[in-house]
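Subject: Structure for you to look at

Hello,

Here is the structure I said I would pass on. Please open it beside this email and follow the residues as they come up.

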Amino acid sequence: MPVTVIIGSQWGDEGKGKVVDLLSSGVDVVARYQGGANAGHTICWEDRTFVLHLVPSGIFHDGVTCVIGNGVVIDPVALMKEIDTIKQLGFEVDGRLLISHNAHLIMPYHKRIEAAIEQARDAGAIGTTGRGIGPAYVDKFARSGVRVVDLLDRDVLRAKLTRSINEKNEVLKKVYGADTLNVDDMIEEYIEFDKRIDPYVTDTTQYLNGALREGKRVLAEGAQGSLLDVDFGTYPFVTSSHPSAGGCCTGLGVPPTAIDRVMAIVKAYSTRVGNGPFPTELEDETGNALRKVGDEFGATTGRPRRCGWLDLVALRYTATINGFTELAITKLDVLTGLPRLAVCTGYRYGGREHTRFPSDLKTLSSVEPVYEYLDGWDEDVTNVSRIEDLPANARAYLDFIEAYLGTPIRLVSTGPKRSQTILAGLETA
Ligand code: IMP
C-alpha cells in the first residue's frame, strides 16, 4: 500500500500530532520529512500530554517503525533528550527509530547566527522559533553543512567542524559583533554523539522504498504548514523548508507516484505564530477568546499564537498546491459558544473581490477579508462520536467548508484526547 501524507494546511499548529498518532495504529511506518525541533507535535492520552519535536508521533505505537528523513535538520542535543524522555515513558525506541545518514545537523552556531540575524532585522524580524533551522538549511544549500553521517567518522567530523566553526566565528564577530564559540569544546561535545546516534543511523531512503515494495503502509508526517513553505508560503515570513506535499518526496526519497492520499489537517479557525500577514486575524475579544479556549500558545516556544477566522481563500490555495484528497478538521470544540462564525471566502483589494491568494506580500498585507456568516452553537461537542450527532449549526459549518473546498471531511477532532475524535468513513486500524 502506498504513502499517505499528512499536511498542515495553514500556518502550522493545526493538530497534526494528534491525527498522526491516531492514524499510526493502522500503518507500519511513520516518516517525518522536513523541519526540525521548531515543530511541536502535541499528543494527549487520557491523562498525559507529551510534545514531540523531532521523533515521529508513531513512536507511541508498538510495531510502528519511525523514520527521520533526509529532509529534516537534526539538533543532536534535542534529539537525544527526546529519545531519553520517550524511553523513560516506557516506550521502545531502539530498533524502531531510523535516522537518515543524509540529514543535516543543527549546530550551536546556527542558533547563535539566527539570534544575531533576528536582532539585526529588528522590526523586520521573522519571529523564528530560535532553533537554528534557517541557518542550518542555508549551510545545506551552500554545500557546507554537517550531516548525520559525518558524526560517525571522528576525523571527518573534526575537520568539518573546525572549518565551519572558524568560519562562523568570523561572521559572528565581524558582522554581528556577537560572542564566538570555542572550537575544541564543541568538537569534544559532538564527537560523543557518534556512539549514541550510531544504532539509529541508516539509509532511510532505501529502507522506505524497500518497505513500500513489501506492501507496507507508510504515513509521511509534515511539520509546520503549507503557508510557511519557503516557496509557497508568505515569504519571507516562512520556515526554511517545504512542509507541503512536494517536501515528502525530496525529504524522504519516495517517488511522487507512491503517494495516493494527501490528508489536510485544517484547524476550524486560523492561527499563526511569529510575524507576517494574516488577513483574518482578530485583534479583539473574539481573538482573545479563541486563544484562551483553544490554548493557543506555541508548543515549542510558548509564544501566544495570533488567532482569527477560518480563511477559505488561503485553504483553497494550499489545496491546489497539495492536491488534498481528504480533510481532517481539528479543534471544532473551540468554536462552541460563539454566537456567530465568520468564514473568509474572498479578499477585497484593488477595488474588486478576489478568490486568489496573492503571491506578493504587499497585497496580502493589505487585503480586506470578505466574510460569510454562519450561526454558532452552544451544545458541548466534546463527547460526540458521530457527525450526525453534532449540533445542526456545527454540521452546517463543516458542510460549508467541504462544499467550498470540494474535498470530503474524513475526521473531526472535538478535543485533545484520542477518544475525542469523529471518524467519517476513515479506518484507523
Ligand atoms: P523557523 O522555522 O524557526 O525558522 O521560524 C520561521 C517561522 O515559522 C516563524 O514564524 C515561526 O513562528 C514559524 N514556525 C516554525 N515552526 C512552527 C510550528 O511548528 N508551528 C507554527 N509556526 C512555526
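Glu296 sits in the loop that runs between helix 11 (285-293) and strand 13 (306-308). Please keep in mind that the model is a predicted one. Is Glu296 buried or exposed? Its relative accessibility is 0%, so Glu296 counts as buried, because the cut-off for buried is under 20% relative accessible area.

Two polar contacts of Glu296 can be found in the model. The side chain of Glu296 meets the side chain of Tyr269 at 2.5 Å. With the side chain of Arg305, the side chain of Glu296 makes a polar contact of 2.7 Å. If neighbours within four places in sequence are left aside, the residues in contact with Glu296 include Lys267, Thr271, Leu290, Cys307 and Lys331. Arg291, Arg303 and Pro304 are also among them.

The next residue is Asn182, in the loop between helix 6 (154-175) and helix 7 (183-191). Asn182 has a relative accessible area of 44% and is therefore partly exposed, since that class lies between the 20% and 50% cut-offs. Which backbone atom lies 3.0 Å from a polar atom of the Asn182 side chain? The backbone nitrogen of Asp185 does. For a distance across the model, take Asn182 and Ala245: 63 residues separate them along the chain, and their C-alpha atoms are 40 Å apart.

Helix 6 is also the place of Val175. Val175 has 57% relative accessibility, so Val175 counts as exposed; the cut-off here is over 50%. Together with Val171 and Tyr176, Val175 makes a nonpolar surface patch of about 230 Å².

Last comes Arg395, which belongs to helix 14 (residues 392-405). Its relative accessible area is 31%, and Arg395 is therefore partly exposed. Which residues does Arg395 touch, not counting those up to four places away in sequence? They are Ile387, Glu388 and Leu390. With Leu390 there is also a polar link to look for: the side chain of Arg395 reaches the backbone oxygen of Leu390 at 3.1 Å. Between Arg395 and Ser419 the separation is 24 residues in sequence and 20 Å in space, taken from C-alpha to C-alpha.

To go over the exposure classes once more: Glu296 is buried, Asn182 is partly exposed, Val175 is exposed and Arg395 is partly exposed.

Regards

Technical notes: Residues numbered from 1 in each chain as written. Predicted model: local features only at pLDDT ≥ 70, side-chain atom pairs only at ≥ 80, totals over all residues. Heavy atoms only, no water. Helix = DSSP H or I, 4+ residues; strand = E, 2+ residues; numbered from the N terminus. Buried < 20%, exposed > 50% of the residue type's maximum accessible area, 1.4 Å probe, protein only. Contact = heavy atoms within 4.5 Å. Polar contact = N/O pair within 3.5 Å; in protein donor to acceptor, adjacent residues only side chain to side chain. Patch = residues over 30% accessible without salt bridge, like charges linked within 9 Å, V, L, I, M, F, W, Y side chains within 5 Å. Areas by Shrake-Rupley, 256 points an atom, 1.4 Å probe, with all protein chains shown as cover. Salt bridge = Lys/Arg side-chain N within 4 Å of Asp/Glu carboxyl O.
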